[in-house]
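Student: I'd like a close look at one part of this protein rather than a quick tour. Could you pick a spot, start there, and then show me how the surroundings fit together?

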Amino acid sequence: MSKVLKGSLFGGEQVLFLRLKKHKDKQAFIEAYDLYIEQIYRFVYFKIGSKEDAEDITSMVFLKCWNLIYEGKLENHDTLKPLLYKIARNTIIDHYRQKQNRETVSLDAAAETIDPALDVHKETITNLDFQNVIQEKLPLLKEEYRDVIILRFINELSVSEIARVLGKTSGNVRVLIHRALQSLQDTVNQNEKHD
């Protein structure tokens, strides 16, 4: 990656995005892939729970992104990162819809938004046994709450980035994050009472 991209990540992301948007630059796409692959994989993995499915879906996300770039359909987007997360969310929803058709499993595919501006609640996440929360408590939350917690606290997206991913306002995202963290805390507290 060039020093320009390393020096100013946000500025570098903008330059990278412009190279993709205006020139359909394959090298820029490779750089974007290297920059975002781990984040997107982690997001998908925490939503799916299967390593193999997460790898397949992550590959599909980048393929769909390249198709949008190649077809010149990036005009409605300002940056690449929220676009990748939006594609990932939609691909996960498609995955569950297909799975539902095969296994007749119901799923609430509509997820709400989250807002990471409430960093006060980050303490809630860090005070809990994080590994325990991820493995045991996160799956107990509503789908929209899991989305927000993963995007904000695991993948560390900003509130505005999450809002773009979810198609919501920053205010809606903040409220959703607050509710998600409260629900997570309630789940932890309930389990502590039963222990």
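Tutor: Let's start at Val173, which sits in helix 10. Keep in mind that this is a predicted model. Is Val173 buried or exposed? With a relative accessibility of 0%, Val173 counts as buried, because the cut-off for that label is under 20%. Now look across to Ala163: the two residues are ten places apart in sequence, and their C-alpha atoms are 6.0 Å apart in space.

Zoom out for a second to get your bearings. The protein has ten helices and zero strands, so to speak an α-only run from the N terminus on. Of its 195 residues, 43% are buried. Among contacts with a separation of 6 or more, 71% involve residues 24 or more positions apart. The exposed surface is about 10,800 Å², with carbon and sulfur atoms supplying 48% of it.

Next, the inside. In soluble globular proteins, nonpolar side chains tend to be buried together. Here the largest nonpolar core has 48 residues, and those with the most contacts inside it are Ile40, Phe43, Val44, Cys65, Leu80, Leu84 and Ile149. Which helices each supply at least two residues of this core? They are helix 2 (9-23), helix 3 (26-48), helix 4 (51-70), helix 5, helix 8 (143-154), helix 9 (159-166) and helix 10 (170-194). Take Val44 as an example: leaving aside residues up to four places away in sequence, Val44 touches Gly49, Ala54, Ile57, Thr58, Ala88 and Ile92.

A charged residue turns up among the buried ones too. Lys81, in helix 5 (residues 80-103), has a relative accessible area of 11%, so Lys81 is buried. With residues up to four places away in sequence left out, Lys81 touches Tyr36, Gln39, Leu157 and Glu161.

Two of the Val44 contacts, Ala54 and Ile57, take us to helix 4. Its buried residues are Ala54, Ile57, Thr58, Val61, Phe62, Cys65, Trp66 and Ile69. An α-helix has 3.6 residues a turn, so residues three or four places apart point the same way. Helix 4 has 20 residues and spans 29 Å from first C-alpha to last, close to the 28 Å expected at 1.5 Å a residue. After helix 4 comes Gly72, with a positive phi near 70°.

Now for the rings. A pair of aromatic rings is described by the distance of the centres and the angle of the planes. How many aromatic pairs are there? The count is seven. In one of these, Tyr33 with Phe62, the ring centres are 4.8 Å apart and the planes are at 65°, so the pair is edge-to-face. Tyr33 lies in helix 3 and Phe62 in helix 4, so the pair ties together parts that are 29 residues apart in sequence. Burial differs between the partners: Tyr33 counts as partly exposed, at 34% relative accessibility, whereas Phe62, at 4%, counts as buried.

Trp66 and Tyr70 make another pair, a tilted one, with 6.5 Å from centre to centre and 35° between the planes. Both residues are in helix 4, four residues apart, or about one turn of the helix. Trp66 counts as buried at 18% relative accessibility, while Tyr70 counts as exposed at 56%. Ring pairs join Phe29, Tyr33, Phe62, Trp66 and Tyr70 into a cluster. Tyr70 also has a charged neighbour: Lys24 lies over the face of its ring, 5.8 Å from the ring centre.

You can find that kind of arrangement elsewhere as well: Lys142 lies over the face of Tyr145, at 4.8 Å from the ring centre. Tyr145 is one of the buried residues of helix 8, and so are Arg146, Asp147 and Arg152. What share of helix 8 is buried? Twelve of its twelve residues are, so to say mostly covered is fair. Helix 8 reaches 15 Å from its first C-alpha to its last, close to the 16 Å expected at 1.5 Å a residue. Just after helix 8, Glu156 has a positive phi of about 55°. Ile149, also among the buried residues of helix 8, is one of the core residues with the most contacts, which brings us back to the interior.

Notes
Residues are numbered from 1 along each chain as its sequence is written. This is a predicted model: local features need pLDDT of at least 70, side-chain atom pairs count only at pLDDT 80 or more; totals for chains, interfaces and linings use all residues. Side-chain values use heavy atoms; hydrogens and water are left out. Buried means under 20% relative accessible area, exposed over 50%, partly exposed in between (1.4 Å probe, protein chains only). Contact means heavy atoms within 4.5 Å. A nonpolar core is a set of buried Ala, Val, Leu, Ile, Met, Phe, Trp, Tyr and Cys residues joined through side-chain atoms within 4.5 Å. Rings of Phe, Tyr and Trp (its six-membered ring) pair if their centres lie within 6.5 Å; planes under 30 degrees apart count as stacked, over 60 as edge-to-face and the rest as tilted. A charge sits over a ring if NZ of Lys or CZ of Arg is within 6 Å of the ring centre and within 35 degrees of the ring normal. The expected span of a helix is 1.5 Å times one less than its number of residues. Accessible areas come from the Shrake-Rupley method with a 1.4 Å probe; for residues, only the protein chains shown count as cover.
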